[in-house]
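The following exercises are to be worked with the sequence and the coordinates at hand. Each task is followed by a solution in steps.

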Amino acid sequence: MIKSAYAYLRVSSEEQVTNFSLDNQYDYCKREAERQGYRLAGIYREEGASAKTLNRPELLKLLEDCRANQKHISALFIYKIDRISRDTYDFLAIKRKLAQYGIRILSVTEPVEDNATGEFLETLLAASAKLDNATKSARTVDGMRKRLESGLPNGKATVGYLNVTRDDKQVIDPDPDQFDRMKKAWEEMDTGIYTLETIIPVMQKLGVKIKYGGRQIPITRSQQTQRIFRNKYYAGYIVSKKYGIDKKVNHIAMIDEDLFYRVQAILAGRSRTAGLKYQRNNPDF
């Protein structure tokens with residue numbers, strides 16, 4: 001009698017071009033299932049999903065189908081244990097749940113016996129996956145810190161600048177379309193007659209735009225102007241509270257430090273000039 005089983009396949013975004021590809025995993029699972037006398041009654045393909053979380057659509061569907069069809073399914077084939085989870089606790093929790101349904105997890109590249117020794121090896125493999133994940137994460141964090149310390153910001157460029165690749169490095173250069181517009185916005189803010197809210201129509205008139213969803217759209221909210229006019233990057237600094245970094249670097253500054261701190265004083269309401277200019281420009285005075 002041919003037994004029925006499921007197969008779960010998963011790749012994260014960075015694994016798409018490696019031997020972890022879904023088709024490669026499927027071939028391994030299919031061959032091993034046939035060798036052991038199983039028929040694959042369902043294939044669950046999880047593409048571009050991290051194993052750091054269990055909130056994966058195909059995994060959740062698999063677990064529900066295992067519960068509903070536990071009388072007919074006796075095994076789950078996977079390419080490696082870390083395809084299920086790279087967290088030891090999560091893997092063991094899933095294994096226990098499937099065991100309640102009478103379903104065994106069978107790793108086709110890490111065959112372990114169904115005994116105490118095999119359970120120990122499975123736990124060890126799951127723990128190794130978790131350690132590998134933690135190590136990669138630590139390296140990523142360290143790389144981000146070192147990048148900041150060398151004067152190269154992480155993430156998306158702020159308004160007025162562009163993310164570009166030069167000499168195989170990700171760097172940030174002035175945006176030829178937005179740099180001068182944004183510089184003019186800083187100079188307008190320096191007059192002291194605007195708030196984060198009232199500077200918005202001025203920036204719209206200047207043609208200052210932010211990138212959103214692959215498009216460039218006008219400034220519309222004070223939260224956006226708050227992020228812009230509090231950003232010390234414009235004055236030539238890299239700042240990261242997370243890594244304790246606040247240093248002047250070599251990128252092209254849009255404004256000088258004096259202008260930056262004058263605007264900070266205006267925003268904090270500490271500038272006498274701002275109050276006088278506001279009075280001179282307000283028809284109520």
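The exercises below concern a predicted model and proceed from the whole chain to single residues.

**Exercise 1. Characterise the chain as a whole.**

Task: State how many helices and strands the chain has, and what share of its residues is buried.

Solution.
Step 1. Count the secondary-structure elements: the chain has nine helices and 10 strands.
Step 2. Turn to burial: 41% of the 285 residues count as buried.
Step 3. Examine the surface: about 16,700 Å² is exposed, and 51% of this area is supplied by carbon and sulfur atoms.
Step 4. Consider the contacts with a separation of 6 or more: 64% of them join residues 24 or more positions apart.

**Exercise 2. Describe the parallel sheet.**

Task: Give the order of the four strands in the open sheet, and determine which strands stand at its edges.

Solution.
Step 1. The strand order is β2-β1-β3-β4, with parallel pairing.
Step 2. β2 (38–47) and β4 (104–107) each have a single partner strand, so one side of each lacks a neighbour in the sheet; these two are the edge strands.
Step 3. On average, neighbouring strands of this sheet are turned by 25° against each other, direction ignored.
Step 4. For the register, take β1 (residues 3–11) and β3 (residues 73–78), which pair over five bridges in the parallel sense; A5 stands opposite A75 in β3.
Step 5. Add the helix: α2 (residues 57–68) lies across β1, β2 and β3, and runs at about 150° to β2.

**Exercise 3. Analyse the hairpin of β5 and β6.**

Task: Determine in which sense β5 and β6 pair, and which residue of the hairpin takes a positive phi.

Solution.
Step 1. Strand β5 (residues 161–166) pairs with strand β6 (residues 169–174) in the antiparallel sense, over six bridges.
Step 2. Within this pairing, T165 stands opposite Q170 in β6.
Step 3. Two residues lie between the strands, and D167 takes a positive phi near 55°.

**Exercise 4. Trace the surroundings of α5 and I255.**

Task: Identify the buried residues of α5, what covers them, and which residues I255 touches.

Solution.
Step 1. In α5 (residues 179–189), the residues F179, M182, A185, W186, E188 and M189 are buried.
Step 2. Their cover includes β5, β6, α6 (199–206), α7 (222–229) and α8.
Step 3. I255 is located in the loop between β10 (245–248) and α8 (257–267).
Step 4. With a relative accessible area of 8%, I255 falls under the 20% limit and is therefore buried.
Step 5. Leaving aside residues up to four places away in sequence, I255 touches W186, Y234, A235 and F260.
Step 6. The C-alpha atoms of I255 and M182 are 10.0 Å apart, with the two positions 73 residues apart in sequence numbering.

**Exercise 5. Assess a loop arginine and two cysteines.**

Task: Decide whether R83 is buried or exposed, name its polar partner, and establish how many disulfides the structure has.

Solution.
Step 1. R83 is found in the loop between β3 and α3 (88–100).
Step 2. The relative accessibility of R83 is 0%, so this arginine counts as buried.
Step 3. The side chains of R83 and D82 make a polar contact at 2.9 Å.
Step 4. C29 is buried at a relative accessible area of 0%, and C66 is buried at 0% relative accessibility.
Step 5. A search of the whole structure finds zero disulfides.

Notes
Residues are numbered from 1 along each chain as its sequence is written. This is a predicted model: local features need pLDDT of at least 70, side-chain atom pairs count only at pLDDT 80 or more; totals for chains, interfaces and linings use all residues. Side-chain values use heavy atoms; hydrogens and water are left out. Buried means under 20% relative accessible area, exposed over 50%, partly exposed in between (1.4 Å probe, protein chains only). Contact means heavy atoms within 4.5 Å. Accessible areas come from the Shrake-Rupley method with a 1.4 Å probe; for residues, only the protein chains shown count as cover. Two strands pair if DSSP finds at least two bridges between them. Axes are lines fitted to C-alpha atoms, for helices over the stretch in contact, and angles run from 0 to 180 degrees between N-to-C directions. A polar contact is a pair of N or O atoms within 3.5 Å; within protein, one must be able to donate a hydrogen and the other to accept it, and residues adjacent in sequence count only if both atoms are side-chain atoms. A disulfide is a pair of cysteine sulfur atoms within 2.5 Å.
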